[in-house]
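The following paragraphs offer a guided reading of a single protein chain. They are best read with the sequence and the coordinates side by side.

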Amino acid sequence: MYSMRQQTMEWKDKIRIEAFLSKVKIGHLGLSDDGFPYVIPLNFTWHNGFIYFHGASEGRKIDIMAKNQQACFTVCEELGTMSNPVPAKTDTAYMSVMVFGKTERVEDLAEATAAMQSMLDKYVPGYYSNKLPSTHIEKYRSSLGSKTAVFKIVPETVTAKKNELNENTRFFPGRTALSDMDT
């Protein structure tokens, strides 16, 4: 595994990393399809130390994971743009987390149900008055007739990076390099 080149930007606070993984809505699942990259944006949940996601029980993603369980899951959030009269010093503030590990299909019904409940709690908190019944996981079929499958990524390495926002240089419409040079 590579070490982070800009170590001053490395983010090591495990509690904040887990909180970040719990709130970000979209993640990108990176797989390798016979040497070719395949990245899929998807909904997910960070639950009990794993990334969980679901989808159809058949298709390209399933075929790739059956051949190669290695995965990279990336989430990020843009915090603002920082302007500078020197174009090369214009920068973006962000937080990002990369989870490297292996994908596994979740076969245990109780674990799959808990993961799906965690997703509902994340994306539509308070919407349902009752917890998700496990029979829903067992019986649900997509509009194409495919059974839903639940997967998890078992983390081997988690890296995080943060580029703090400097409020003094935050870009806003109307701000110009000329006005920044006058100050």
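Isoleucine 51 has a relative accessible area of 0% and is therefore classed as buried, in a model that is predicted. The residue belongs to strand β4, which covers residues 50–56. Once neighbours within four places in sequence are set aside, the contacts of isoleucine 51 are Leu21, Phe44, Thr45, Trp46, Phe73, Val99, Phe151, Lys152 and Ile153. One of these partners, phenylalanine 151, stands 100 residues away in sequence, yet the two C-alpha atoms are 8.3 Å apart in space.

Proline 41 presents another setting. This residue lies in strand β2, the strand of residues 36–43. Is proline 41 buried or exposed? With a relative accessible area of 52%, proline 41 is exposed, because the threshold for that class is over 50%. Beyond residues up to four places away in sequence, proline 41 touches Ile26, Gly27 and His28. The C-alpha atoms of proline 41 and valine 150 are separated by 16 Å, with their positions 109 residues apart along the chain.

The wider architecture may now be set out. The chain contains 5 helices and 7 strands, and their order along the sequence is α-β-β-β-β-α-β-β-α-α-β-α. Of the contacts between residues at least 6 apart in sequence, 71% join residues at least 24 apart. Buried residues account for 34% of the 183 residues.

As to overall dimensions, the radius of gyration of the chain is 20 Å, whereas a compact globule of 183 residues would have a value near 16 Å. Along the principal axes, the C-alpha atoms fill a box of roughly 65 × 45 × 30 Å. The accessible surface comes to about 11,400 Å², and carbon and sulfur atoms contribute 54% of that area. The chain carries 22 positive and 21 negative side chains, and the centres of these two sets lie 1 Å apart.

Two loops between strands in the first part of this strand series deserve inspection for their backbone geometry. Aspartate 34 is placed in the loop between β1 (26–33) and β2 (36–43). Although aspartate 34 is not a glycine, its phi is positive, at about 50°. Its relative accessible area is 60%, so aspartate 34 is exposed. Asparagine 48 occupies the loop between β3 (45–47) and β4 (50–56). Asparagine 48, also not a glycine, has a positive phi of about 55°. At 63% relative accessibility, asparagine 48 likewise counts as exposed.

Attention may next turn to polar side chains that are buried. Asparagine 163 is found in strand β7, which spans residues 148–163. Because its relative accessible area of 12% is under the 20% cut-off, asparagine 163 is classed as buried. Which side chain is joined to that of asparagine 163 by a polar contact of 2.9 Å? The partner is aspartate 91. These two residues are 72 positions apart in sequence, and their C-alpha atoms are 9.0 Å apart in space. Aspartate 91 also appears among the contacts of asparagine 163 when residues up to four places away are not counted, a set completed by Met9, Leu79, Met82, Thr92, Ala93 and Tyr94.

A further group of polar side chains involves serine 83 and arginine 175. Serine 83 is in the loop between β5 (70–82) and β6 (91–105), while arginine 175 is in the loop between β7 and α5 (177–182). Serine 83 has a relative accessible area of 14% and is therefore buried. Arginine 175, at 16% relative accessibility, also counts as buried. Their side chains are joined by a polar contact of 3.4 Å.

Arginine 175 has another polar partner in aspartate 180, with a side-chain contact of 2.9 Å. Apart from residues within four places in sequence, the contacts of arginine 175 are Ser83, Asn168, Thr169, Arg170 and Asp180. For serine 83, the corresponding set consists of Thr90, Thr169, Phe171, Arg175 and Asp180. Thr169 and Asp180 are thus in contact with both serine 83 and arginine 175, because each appears within the 4.5 Å contact distance in both sets.

Notes. Residues are numbered from 1 along each chain as its sequence is written. This is a predicted model: local features need pLDDT of at least 70, side-chain atom pairs count only at pLDDT 80 or more; totals for chains, interfaces and linings use all residues. Side-chain values use heavy atoms; hydrogens and water are left out. Helices (H or I, at least four residues) and strands (E, at least two) are DSSP runs, numbered from the N terminus. The radius of gyration is taken over C-alpha atoms; the globule rule is 2.2 Å times the number of residues to the power 0.38. Buried means under 20% relative accessible area, exposed over 50%, partly exposed in between (1.4 Å probe, protein chains only). Accessible areas come from the Shrake-Rupley method with a 1.4 Å probe; for residues, only the protein chains shown count as cover. Lys and Arg count as positive and Asp and Glu as negative; His and the chain ends are not counted. The place of a charge is taken as NZ of Lys, CZ of Arg, CG of Asp or CD of Glu. A polar contact is a pair of N or O atoms within 3.5 Å; within protein, one must be able to donate a hydrogen and the other to accept it, and residues adjacent in sequence count only if both atoms are side-chain atoms.
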